[in-house]
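Notebook open. I want to look up how much of this chain is covered and what sits on its surface.

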Amino acid sequence: MVTDRTAPVETAALAAEVEGLLEPAEADGVFRDTRECGGALLLAALLLISPPTPRPKTDVR
């Protein structure tokens, strides 16, 4: 009876590769600070609640 002796090695390599794909390293990018996000949110809120710009009066004749 012939047994396949390469299966455990291939299984271990495959398992290691799957684990690497499931838990990738942290992505490169720009990560914002909580204070920066809070400041941007406050600025956006102030812009939204500010009164609209005055419109010029039209002459009605």
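I take accessible areas from the Shrake-Rupley method with a 1.4 Å probe, and for residues only the protein chains shown count as cover. This is a predicted model, where local features need pLDDT of at least 70, side-chain atom pairs count only at pLDDT 80 or more, and totals for chains, interfaces and linings use all residues. Residues are numbered from 1 along each chain as its sequence is written, and side-chain values use heavy atoms, leaving out hydrogens and water.

Surface first: I get about 6600 Å² accessible for the protein chain, with 63% of that on carbon and sulfur atoms. Of its 61 residues, 0% count as buried (under 20% relative accessible area; exposed is over 50%, partly exposed in between).

Next, the fold: I find two helices and zero strands (DSSP runs, H or I of at least four residues and E of at least two, numbered from the N terminus). Leu 42 lies in α2, residues 34–49, and counts as exposed because its relative accessibility is 53%.

Terms used
Buried means under 20% relative accessible area, exposed over 50%, partly exposed in between (1.4 Å probe, protein chains only).
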